[in-house]
Every structure is written in C-alpha cells, then in structure tokens.
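Trainee: I've got a model to go through with you. Could you pull it up so we can talk it over?

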There are 2 protein chains.
Amino acid sequence: MALDRLIESIVKLQNPTVAGLDPVLDYVPGFIKEKSFTQYGETLEGAAAAILAFNKGLIDALCGVVPAVKPQCAYYELYGWHGVKALHDTINYAKEKGMFVITDGKRNDIGSTMQAYAAAHLGTVTVGERTFVPFGGDALTVNPYLGSDGINPLLETCRAQDKGIFVLVKTSNPSSGELQNQIFEGGETLYGTVGRLCEQWGEGLPGKYGYSGVGAVVGATYPAQLAELRRDLPHTFFLVPGYGAQGGGAKDVAAAFDQNGLGAVVNASRSIMTAWKKSGVPETEYAKAAAEEAKRMRDEIISETGAVTLNKTNG
Amino acid sequence: MALDRLIESIVKLQNPTVAGLDPVLDYVPGFIKEKSFTQYGETLEGAAAAILAFNKGLIDALCGVVPAVKPQCAYYELYGWHGVKALHDTINYAKEKGMFVITDGKRNDIGSTMQAYAAAHLGTVTVGERTFVPFGGDALTVNPYLGSDGINPLLETCRAQDKGIFVLVKTSNPSSGELQNQIFEGGETLYGTVGRLCEQWGEGLPGKYGYSGVGAVVGATYPAQLAELRRDLPHTFFLVPGYGAQGGGAKDVAAAFDQNGLGAVVNASRSIMTAWKKSGVPETEYAKAAAEEAKRMRDEIISETGAVTLNKTNG
C-alpha cells in the first residue's frame with residue numbers, strides 16, 4: 001500500500017513531516033517572477049511558470065530532508081489550466097526527486113464520477129490504445145460527506161496502483177466543530193463516525209507496518225481529539241495540518257504519534273515557503289531558507305516524539 | 001445574485017432543467033474522436049479536443065432549450081491539464097451562447113485556500129497589473145463538511161462577482177444516508193443541519209425572487225426529503241441530481257418546486273449526452289438527439305409542476 005512507501009521514507013529521513021506547496025504569487029521571490037513575466041508576460045502562463053520554477057527550487061532543497069510534498073490544488077486552479085499544468089509538472093518533478101506526493105484536492109463525488117477523480121489523481125486513463133497518467137500523485141485527500149459511495153471507487157484504484165487516500169475527519173479550522181463535533185443519538189460525534197469508517201474502509205488495504213492505505217486528516221489545532229483518534233483508530237495514518245501558522249505546536253501534534261514515533265505526518269506550508277522572507281536572507285536563497293525551516297520543524301517534532309522506528313508486528 | 005439570472009432564464013425557456021456535461025469518451029461519437037485523434041493522436045490532447053468538440057455541438061443544440069449546463073470537473077481532470085483546458089473552453093463557449101454554467105467541482109477547504117477556489121471558479125485573479133478570469137463559471141457546487149470557514153470565503157466572491165453556490169445537503173446516492181441521515185442529539189439530521197445553515201449563509205446574498213445565492217444539492221432519489229427540505233428552506237434554490245439514470249422520475253422531483261413551479265433545477269447528464277445511442281439516429285445527429293431528449297425531459301417535468309412563473313413578493 002502506498003502509505004507504506006511514505007512510512008519507509010519517514011523512517012529513512014527521520015522526519016514525519018510534509019511540505020505543503022501552496023504557491024501564491026506573493027510567496028515567490030521577485031527574481032523568479034521577473035524571469036517568468038519577461039518570458040510569458042504578466043499572464044496566467046507567466047504566473048504558472050513562476051510557480052513551477054519556485055516549486056522546483058523548493059523540491060531540490062527539500063528532497064533529502066522532507067519525505068513528502070502536498071500541493072494544494074486550489075492554488076494551481078487559481079491560475080486556470082496553465083496553473084493546473086504547473087500542478088502536473090510539480091507532481092512529476094517531486095516524484096523524479098523521490099518524494100511522496102499527497103495531492104490535496106479534497107475531492108468527493110460518487111460512483112463513476114469518483115472513479116474518474118481516482119483515475120485522474122491516482123491512476124491512469126486509456127485513450128484509444130494508449131494509457132496515460134493524468135496527474136500521478138501517490139495519495140489524494142478526500143471528503144467523506146457522501147459516504148461509502150464516494151470512497152469505494154478510490155479503494156479499487158489504490159489497490160491496483162499502490163496508492164493511498166486521506167479522508168477529512170477532524171479539520172484544523174475554527175468552525176470544524178460546527179458539523180464535525182456534533183454528537184449523534186448513539187453518542188458518537190460526526191468526526192468519530194467518519195474515523196470509524198476510515199478503519200473499516202482501510203480493512204481492504206492493509207499495510208506492512210500496521211497502517212492501512214486509508215489515512216485521516218486530523219488538525220494539529222485540536223490535540224485532545226488527536227489523542228482520542230490516535231487511540232481509537234490504530235490502523236489509520238494521520239495527515240496533520242494546522243502546524244505553525246494556524247497555531248498548532250510540537251507538543252500538540254505529539255498526540256498524533258504512536259509509541260514508535262509513527263502514525264502521522266505533519267504538514268507545514270506557509271512557514272516553509274515564506275522562510276526566506278522571515279529569515280532575512282537574499283531572495284535567491286529562498287530554497288535554502290525553506291530547507292533550514294523544514295529541519296527546524298523536523299527537530300522540534302522529533303524532540304517530542306523521539307526517533308521513528310518501524311514495528312512490523314503492529315499490524 | 002447569480003441565481004436570479006438562472007431563475008430568469010428558467011422562466012424564459014419554461015424549463016427548470018440543467019444539462020450535465022460529463023463527457024466520458026465512450027459517449028463521444030466516433031466521427032468526432034477520429035477527427036481529433038487524426039489531428040492530435042491518441043493522446044490526452046486528442047481526448048480533450050474530442051470532448052470539447054462534442055460539448056460544443058451539444059451546447060449549440062441545447063442553448064435555446066435548456067437554461068444551464070453543469071460540467072463535472074472529474075471528467076475533465078481525467079484527461080489531465082489538457083482536459084482542464086477543455087473545461088475552461090467549454091465553460092466559455094456555453095457562456096457565449098447565453099447559458100448559465102454550474103461548475104460541478106464539490107470543492108471544499110478553508111480560509112485563503114477556499115478563497116483561491118472561489119477566485120478560480122467564480123472570480124478573478126491578478127497577475128502583476130492584469131486581471132484574469134481563470135475558469136468563469138456562474139455557480140460552483142461545494143461540500144459543507146468543514147463548516148462556515150469553508151463557505152464564507154465563497155460568499156464574498158459571490159457578492160462581488162454576482163455568482164452563486166450549491167452546497168451538498170442530501171445527495172442522490174444509495175449511501176448518502178450513512179452520514180447525512182444520522183440524527184444529532186438535538187433531533188436534527190446532518191442534512192437538515194446543513195440545510196438550515198444554507199438558509200443562514202444565504203441571508204447575506206438575498207435574491208429578487210425569494211431565493212438566495214446559496215443553493216443546495218438535494219437528490220431526486222429521495223422525494224420525501226426533497227419535500228421536507230422544500231418546506232423547511234424557503235429561500236434555498238435546489239440543484240437536483242439523480243433524475244433518469246439514477247432512478248428519480250418527474251413525480252419524484254415535483255416535490256422540489258414551489259407553488260410557482262420555481263425553486264429547483266433538475267439535472268440530467270447521461271440521458272442527454274447518450275440520447276443518440278438510444279434513439280438509433282446516425283451519430284452525426286447526436287446533438288439533435290440530445291435536444292430532443294432535453295425537450296422530452298422538460299415536458300415531463302413541466303407536466304407535473306405546471307408553468308414556471310416569477311413571484312417577486314415571495315422574498
């Protein structure tokens with residue numbers, strides 16, 4: 001299962017984090033934008049070229065430090081189909097550099113439409129007699145509101161293509177409780193119900209290290225729920241947003257991990273992409289500044305969780 | 001508000017339906033595919049060209065009959081960024097022909113990321129000193145799992161750009177009840193809670209005809225819930241999937257409408273796009289067959305609901 005590859009990479013690099021690639025133009029150093037705009041004009045194509053060049057620099061600097069990247073689809077769609085081409089090229093560049101790619105699209109639909117999303121982001125598509133990889137991520141974030149009809153089509157693709165998914169369970173935003181924390185008549189919360197379903201959906205995608213191919217998104221900003229869900233969902237790997245800019249700290253996310261320092265990957269986007277602005281280095285050193293920030297975050301988290309080890313008997 | 005434009009078009013054409021544009025290659029007549037593959041090869045670019053040509057033919061035939069089209073993003077992402085370019089071109093062609101475009105992306109996220117989705121699909125983006133329209137739909141389907149933090153950023157864009165949204169409330173699929181029908185401790189279902197929030201979110205986007213800019217997706221396959229929600233959500237316009245192929249009929253969807261024959265737009269995708277296969281006409285007449293099927297569906301629904309009239313005093 002694809003999350004096994006992520007886990008192996010986390011252990012190898014001793015780094016349970018993922019770098020979010022949410023490249024708004026404001027984050028891109030001026031010298032990159034100038035070059036792209038000179039070549040393509042102040043156009044969507046120019047913006048997409050700037051973003052791609054920015055991402056490639058980040059990936060070059062991060063690929064020996066951080067096991068995974070998480071491009072957020074919204075920031076690519078923002079620049080139209082040119083931006084979506086930059087998403088494709090970013091995913092493929094990161095994979096060439098050996099990184100695990102979590103496509104953050106929070107996609108959701110049913111039946112053949114969900115199959116189309118699964119094929120688009122994790123699988124292949126056939127045109128005539130030829131087969132293509134439309135985007136080629138290793139895992140996709142998905143939204144559970146439509147129930148099993150929205151998840152099962154993904155599981156088939158994950159099994160066939162060695163890919164994984166992360167289902168939104170308890171998100172990091174202030175209003176996440178508006179629906180997710182509400183308690184059903186049986187006593188279970190909505191997020192607890194979705195978490196339980198993740199364990200069920202994951203049964204068909206067992207992993208070598210005790211964690212299935214069906215992960216869950218659980219925000220760093222709710223440490224009590226992180227701890228509760230870690231206890232209740234022993235086979236579900238967590239993708240943890242909300243670290244840094246949104247207020248979650250290393251002590252908060254420690255609850256997401258098991259006794260082996262495994263069980264979760266913590267995302268940071270803005271703090272890594274904009275490290276060059278905060279550190280005061282010349283903008284041409286943005287990638288180096290990003291890697292320094294990624295190392296600082298790694299050390300901060302590892303100091304709370306301890307070294308990451310594989311435990312094959314956990315499954 | 002953008003849903004006013006949809007409503008006016010429904011009344012003008014006396015047709016409360018929307019044609020889904022979910023163009024899987026199997027639906028595209030051979031002569032279109034041959035021409036595209038001759039020009040671009042059996043490639044993602046060739047597939048995207050075939051889909052766009054197919055869509056343009058459908059739009060030409062439907063634009064005087066059906067007020068709106070609903071392209072489903074998944075079927076465009078399936079063909080990579082070339083497919084996403086075909087989505088852009090399809091949206092713009094439909095708008096040129098005077099159709100209202102509902103981009104069916106079921107997007108969801110929070111804060112600045114949701115703002116990026118809003119700008120991408122309903123708004124504009126600035127690059128340097130120039131402003132662009134990335135995709136240009138009139139309304140976007142969205143998923144409510146993240147709560148108000150995922151909806152508020154859309155409302156700002158809708159207000160500024162005269163656009164609307166449709167929030168998933170009760171979906172048409174068999175497992176929609178798995179989460180949506182569950183009853184919270186206060187006695188309200190999850191879908192009922194989301195429906196109530198739609199009324200709240202819509203307060204900031206009031207429309208001329210009693211319906212706000214915040215619509216709801218409610219499936220044709222659950223007529224009892226359609227009737228209940230129509231009663232409980234007097235200012236919320238419904239987008240109703242599940243007609244035809246999924247089993248919902250004209251009597252089922254009649255519950256979605258108010259006493260003026262307003263309040264909902266019913267989607268059909270497969271039955272319209274594949275009408276040429278079922279009717280046995282030559283494949284070159286696929287567009288005419290689609291228009292005939294659209295008229296049949298219109299008549300079937302109007303025979304249950306009666307003529308559609310505006311009621312400006314309803315708000």
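Trainee: Which residue of chain A comes closest to the rotation axis?

Mentor: Bear in mind that this is a predicted model, where local features need pLDDT of at least 70, side-chain atom pairs count only at pLDDT 80 or more, and totals for chains, interfaces and linings use all residues. Residues are numbered from 1 along each chain as its sequence is written, with chains lettered from A and ligands numbered from 1 in the order in which they are written. A turn of 180° and a shift of 0.0 Å along the axis lay chain A on chain B with an RMSD of 0.0 Å (least squares on the C-alpha atoms of residues with pLDDT of at least 70 in both copies), so the two are related as by a two-fold rotation axis. At 2.0 Å by its C-alpha, the residue of chain A that comes closest to that axis is Phe184(A).

Trainee: Which element gives the most to the side of chain A that touches chain B?

Mentor: The contact takes 58 residues from chain A and 58 residues from chain B, where two residues are in contact if their C-beta atoms, placed from the backbone, lie within 7 Å. Elements that give two or more residues include helix H3 (44–62), helix H5 (80–96) and helix H6 (111–122) of chain A; helices (H or I, at least four residues) and strands (E, at least two) are DSSP runs, numbered from the N terminus. With six residues, the one that gives the most is H6(A).

Trainee: Do the copies meet through the same surface or different ones, and what share of the interface residues says so?

Mentor: The copies meet through the same surface, because the interface residues of chain A that are also interface residues in chain B make up 100%. In short, the share is 100%.

Trainee: At what angle do helix H2 (residues 30–40) of chain A and H3(A) pack?

Mentor: Two packed helices are described by the angle between their axes and the distance between the axes. Here the axes, which are lines fitted to C-alpha atoms over the stretch in contact, with angles from 0 to 180 degrees between N-to-C directions, are 8 Å apart. H2(A) and H3(A) pack at an angle of about 140°.

Trainee: In the barrel of chain B, which residue of E8(B) is the bridge partner of Phe166(B)?

Mentor: Eight strands of chain B close into a barrel with parallel pairing, in the order E1-E2-E3-E6-E7-E8-E9-E10; two strands pair if DSSP finds at least two bridges between them. Strand E7 (residues 164–170) and strand E8 (residues 214–218) of chain B are joined by five bridges. In E8(B), the bridge partner of Phe166(B) is Gly215(B).
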